[in-house]
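Okay, thanks for having me on the agenda. Let me put the thing up on the screen, and then we'll walk through a helix and a few charged pairs.

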Amino acid sequence: MNFVKENNRVIPAEDKVFALSGRAKAAIAKKGKDAVINATVGALLDDNGDLVVMSSVVDAIRTLTPQDYAEYAPITGTPAFKEAVVKALFGNYKPSGHVEVCVTPGGTGSITNVIANYSQPGDFVLTHDWCWANYRNICSQQGRKLATFRFFNEEGSFNADDLEIRINELAVHQDQVVLMINTPAHNPTGYSLSNEDWEKLIRIVNKAACKVVLFMDIAYIDYAGEEDEVRSFIPMLAKLGDNVLPIFGYSTSKTLTAYGMRCGAIVCMAKNAEDAEEFRRAAEYSARSTWSNCNRSAMVVMGKIYSDPELQAKVDEERRMYRDMLLERGRVFEKTLNDNGVKCVPFTAGFFVTIACDDPASVGKKLEEQDIFCLALAKGIRVSIASISKEKCVKCAEAIAALLK
Ligand code: PLP
């Protein structure tokens, strides 16, 4: 009968990542945890393969009153939540300009809301060629198309030249382009733009022949390295021209290891009060007409943590421990690959490492035959080091290197 209108979307029979992860779980049920490497999950697991849940966050959740989760929240978020997001996002840096916050269901909601308000149906949204696959779906869900620039040049550095070409190509047909940059600890490569890369990017968007909405997807910022260092690009944004509107996409999923609480935010740092007010008005309208208001209990938890220095210190300390565990896995994985003569796509930190290869689908299949489950992308294999122990990182890197050599 075909009742569904496809509307130019490609709707698969099942989500690729969840299907793969289902096969990995079935293999674990049959052969046991130790015999299987499930490097598919985009969530942080401890060395036993159990989901990391920060006890300090759980303590804050336990103090919630019935009203905290039962009552509707304001559409753009509670005042305490907004304050908390500003603190969490900017850390020791002071944002420049006029800051406005709107709560969203996770980082995913922040992307949806920005695309709805800063691009038109039929427009291209620009991002790097290596990108979170959901970017494309979020665009097509709203009748937008995704254009990409080559993230890395032949030397393995940030490809500012291709960004400049692609943005100006789009500027021929669009007066405004949403440019989505996922950094630090990019999914799927783990790359973090250096401050030198940021200098180049800022020069390019300032000179672009169109207005640019610079959307910075910082979902993984709290796992990318030392807090101040990973935020050191923020003061550089003061150099953005009048044609550029910077907006951050923030996610509490990773920051609080609270993926299921579905909380995040868009944070606009406008040069003037009018642009900030326009952002608030549009973000609120889009929120109201899609998910309406967000999870109040998650907002209350954020507010509690960031208004209580002692509790915040506890959460920061606990997260630091997991972050360092993840950074160590990354170092070990990359070193093992290199020692076995294979290089990954430029990696800095984070949940994922990607290895470029020909025919990733067949490499993925061969790995699966060895009970190693990794996601085959169009141009490589993505390994979630967030979900496997250091020992499994070594085994996984060795197996991939053996297949690729
Ligand atoms: N951005 C990137 C690059 C991601 O990989 C993810 C999650 O995997 C998100 C945003 C949003 O995550 P959530 O909606 O769970 O906060």
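So, start with helix α4, residues 79-90. It has 12 residues, and at 1.5 Å a residue that should give a span of 16 Å; the end C-alpha atoms sit 17 Å apart, so the two agree. Keep in mind that this is a predicted model.

Which residues of α4 are buried? Those are Phe81, Ala84, Val85, Ala88, Leu89 and Phe90. The cover over them includes the strands β2 (98-104), β7 (244-251) and β8 (264-270), and also helix α12. Right after α4 comes Gly91, with a positive phi near 55 degrees.

Now, α12 covers residues 296-306, and Arg296 is in it. Buried or exposed, this arginine? Arg296 has 15% relative accessibility, and the cut-off for buried is under 20%, so Arg296 counts as buried. Leaving aside residues up to four places away in sequence, Arg296 touches Gln67, Asp68, Glu71, Tyr72, Ala73, Pro74 and Thr78. Its C-alpha is also 5.5 Å from that of Tyr69, and those two are 227 residues apart along the chain.

On to the charges. Side chains of opposite charge can pair when their charged atoms come close. How many salt bridges does the structure hold? There are 22, and I'll take three of them.

One is Glu199 with Lys239, at 3.1 Å from N to O. Glu199 is in helix α8 (residues 195-207) and Lys239 is in the loop between α9 (227-230) and β7, so to speak two distant parts of the chain, 40 residues apart. Both ends are partly exposed: Glu199 at 42% relative accessibility, Lys239 at 45%.

Next, Glu227 and Arg323, whose closest N and O atoms are 3.4 Å apart. This pair links helix α9, where Glu227 is, to helix α13 (residues 309-339), where Arg323 is, across 96 residues. Glu227 is partly exposed at 22%, whereas Arg323 is buried at 8%. And the pair has company: Glu227, Glu317, Arg320, Arg323 and Asp324 are linked in a network of salt bridges.

Last one: Asp242 and Lys271, with the closest N and O atoms 3.8 Å apart. Asp242 lies in the loop between α9 and β7, and Lys271 in the loop between β8 and α11 (273-290), so this pair ties together parts 29 residues apart in sequence. Asp242 is exposed, at 73%, while Lys271 is partly exposed, at 43%.

That's my bit, happy to rotate the view for anyone.

How values were computed
Residues are numbered from 1 along each chain as its sequence is written. This is a predicted model: local features need pLDDT of at least 70, side-chain atom pairs count only at pLDDT 80 or more; totals for chains, interfaces and linings use all residues. Side-chain values use heavy atoms; hydrogens and water are left out. Helices (H or I, at least four residues) and strands (E, at least two) are DSSP runs, numbered from the N terminus. Buried means under 20% relative accessible area, exposed over 50%, partly exposed in between (1.4 Å probe, protein chains only). Contact means heavy atoms within 4.5 Å. The expected span of a helix is 1.5 Å times one less than its number of residues. A salt bridge is a side-chain nitrogen of Lys or Arg within 4 Å of a carboxyl oxygen of Asp or Glu.
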